[in-house]
Amino acid sequence: MQSYLVSPAESRAPRDPGRHGGLTIELISLPGAGKTTLIEATIARLNSRVRVGVIGNELAASDAGRETSEPKPENPDLTLIESRGDPNDTSGIDPGKRRTVVLLSVTDGDDRPDHHLKMVATADVVIVSKAELLRSLPGFSLDSLERRLRGLGCKAMIMPLSAKSGLHLDEWLNWLETELAVYRQSPADSRRDF
Ligand SMILES: Nc1nc2c(ncn2[C@@H]2O[C@H](COP(=O)(O)OP(=O)(O)OP(=O)(O)O)[C@@H](O)[C@H]2O)c(=O)[nH]1
Ligand SMILES: [Mg+2]
């Protein structure tokens with residue numbers, strides 16, 4: 001496994017992810033929905049052939065030393081951007097971003113999409129995080145969440161999973177592997193315009 005971190009200043013520099021960042025995916029959520037945990041689980045589970053870059057402050061704060069001791073791949077296959085969806089934090093962070101993944105934690109309830117209108121509208125994937133807790137949250141309905149999302153015009157794939165227990169994590173990893181395969185075949189063609 002190879003991963004690296006860049007400083008926020010560095011991360012704001014214009015880049016050509018087609019050349020330097022590989023497949024670039026932004027993970028967005030309100031604080032605490034599980035972005036860092038998912039990124040760590042993803043890096044741990046991805047095949048060692050995949051060189052992963054991470055952009056975001058949290059890992060730097062919590063894991064300084066461990067992550068930064070990894071060699072920085074010059075051309076990562078995959079760059080994951082961790083963000084809280086604040087345009088001031090992320091605007092210009094990576095103009096070549098391909099995919100947007102929004103995390104909604106089950107602990108926030110199934111009526112949250114209404115509070116995240118802008119986020120879910122642009123999402124390619126909505127991850128319903130901490131899903132192993134669903135059994136102990138009888139008031140939470142995945143059907144109701146999906147209805148709300150569709151009602152907001154969200155066309156994203158919806159993936160309930162738990163980065164902590166590994167529940168349904170394979171679905172996320174399979175999606176990533178597919179995206180990586182598509183990217184490898186035609187890095188320029190499948191780039192989305194944002
Ligand atoms: N039960 C459970 N807890 C989780 C899961 N994923 C993350 N957590 C916990 O949720 C808390 C927040 O997780 P983080 O991964 O730091 O969330 P984050 O979105 O990166 O948070 P910020 O960077 O502060 O926005 C931590 O206490 C995690 O251990 C999960 O799948 N299940
Ligand atoms: Mg974090």
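The legends below describe close-up views of a predicted model of one protein chain with its ligands.

**Figure 1. The whole chain is built from helices and strands.** There are seven helices and seven strands in the chain. Read from the N terminus, the elements follow the order β-α-β-α-β-α-β-α-β-α-β-α-β-α. The chain has 194 residues, and 47% of them are buried. Among contacts between residues at least 6 apart in sequence, 82% join residues at least 24 apart. The chain exposes about 9500 Å² of surface, and carbon and sulfur atoms supply 49% of that area.

**Figure 2. A magnesium ion, ligand 2, is held by two protein donors, Thr36 and Glu82.** Thr36 offers its OG1 atom and Glu82 an OE atom, and these donors lie 2.0 Å from the ion. Thr36 belongs to helix H2 (residues 35-45) and Glu82 to strand E4 (residues 78-83), so the pair ties together parts of the chain that are 46 residues apart in sequence. Both Thr36 and Glu82 are buried.

**Figure 3. Ligand 1 is surrounded by 17 residues.** The residues that come nearest to ligand 1 are Lys35, Thr36, Thr37, Arg84 and Glu132. Helix H2 gives the most to this shell, with three residues. Several polar contacts can be picked out in this view. A backbone N or O atom of Gly32 is 2.9 Å from an oxygen atom of ligand 1. In Lys35, an N or O atom of the side chain lies 2.7 Å from an oxygen atom of ligand 1. For Arg84, the distance from a polar side-chain atom to an oxygen atom of ligand 1 is 2.6 Å. Ligand 1 taken alone exposes 650 Å², of which the protein buries 75%.

**Figure 4. Helix H6 (residues 142-151) has the buried residues Ser144, Leu145 and Leu149.** Viewed down the axis of H6, these buried residues fall within an arc of 135°, so they line one face of the helix. The face turned away from the buried side carries the exposed residues Asp143, Arg147 and Gly151. What covers the buried residues of H6? The cover includes strand E5 (99-105), helix H5 (117-121), strand E6 (125-129) and strand E7 (157-160).

**Figure 5. The two ends of helix H6 are marked by Ser141 and Gly153.** Ser141 caps the N-terminal end of H6, with a side-chain oxygen 3.3 Å from the backbone nitrogen of Asp143. Just after H6 comes Gly153, which takes a positive phi of about 85°.

**Figure 6. Ala131 lies in the loop between E6 and H6.** Is Ala131 buried or exposed? Its relative accessible area is 6%, so Ala131 counts as buried; the cut-off for buried is under 20%. Leaving out residues up to four places away in sequence, Ala131 touches Val106, Pro160, Leu161, Ser162 and Leu167. Ala131 and Leu167 are 36 residues apart along the chain, yet their C-alpha atoms are separated by 7.4 Å.

**Figure 7. Leu167 is placed in the loop between E7 and H7.** Leu167 has a relative accessibility of 33%, so this residue counts as partly exposed. Not counting neighbours within four places in sequence, Leu167 is in contact with Ala131, Glu132, Leu161 and Ser162. One of these, Glu132, is also among the residues that come nearest to ligand 1. The C-alpha atoms of Leu167 and Lys130 are separated by 8.9 Å, although the two residues are 37 apart along the chain.

**Figure 8. Lys130 and His168 each have a positive phi.** Most residues other than glycine have a negative phi. Lys130, which is not a glycine, has a phi near 60°. Lys130 is found in the loop between E6 and H6 and is partly exposed, with a relative accessible area of 28%. His168 also has a phi near 60° and is likewise a residue other than glycine. The loop that holds His168 runs between E7 and helix H7 (169-185). His168 is partly exposed, with a relative accessible area of 45%.

How values were computed. Residues are numbered from 1 along each chain as its sequence is written. Chains are lettered from A and ligands numbered from 1 in the order in which they are written. This is a predicted model: local features need pLDDT of at least 70, side-chain atom pairs count only at pLDDT 80 or more; totals for chains, interfaces and linings use all residues. Side-chain values use heavy atoms; hydrogens and water are left out. Donors are N, O and S atoms within 2.8 Å of the metal (3.2 Å for Na, K and Ca); water is not among the atoms, so sites may look incomplete. Helices (H or I, at least four residues) and strands (E, at least two) are DSSP runs, numbered from the N terminus. Buried means under 20% relative accessible area, exposed over 50%, partly exposed in between (1.4 Å probe, protein chains only). The arc is that of the directions from the helix axis to the C-beta atoms. Contact means heavy atoms within 4.5 Å. A polar contact is a pair of N or O atoms within 3.5 Å; within protein, one must be able to donate a hydrogen and the other to accept it, and residues adjacent in sequence count only if both atoms are side-chain atoms. A residue is near a molecule or strand if one of its heavy atoms lies within 4 Å of it. Accessible areas come from the Shrake-Rupley method with a 1.4 Å probe; for residues, only the protein chains shown count as cover.
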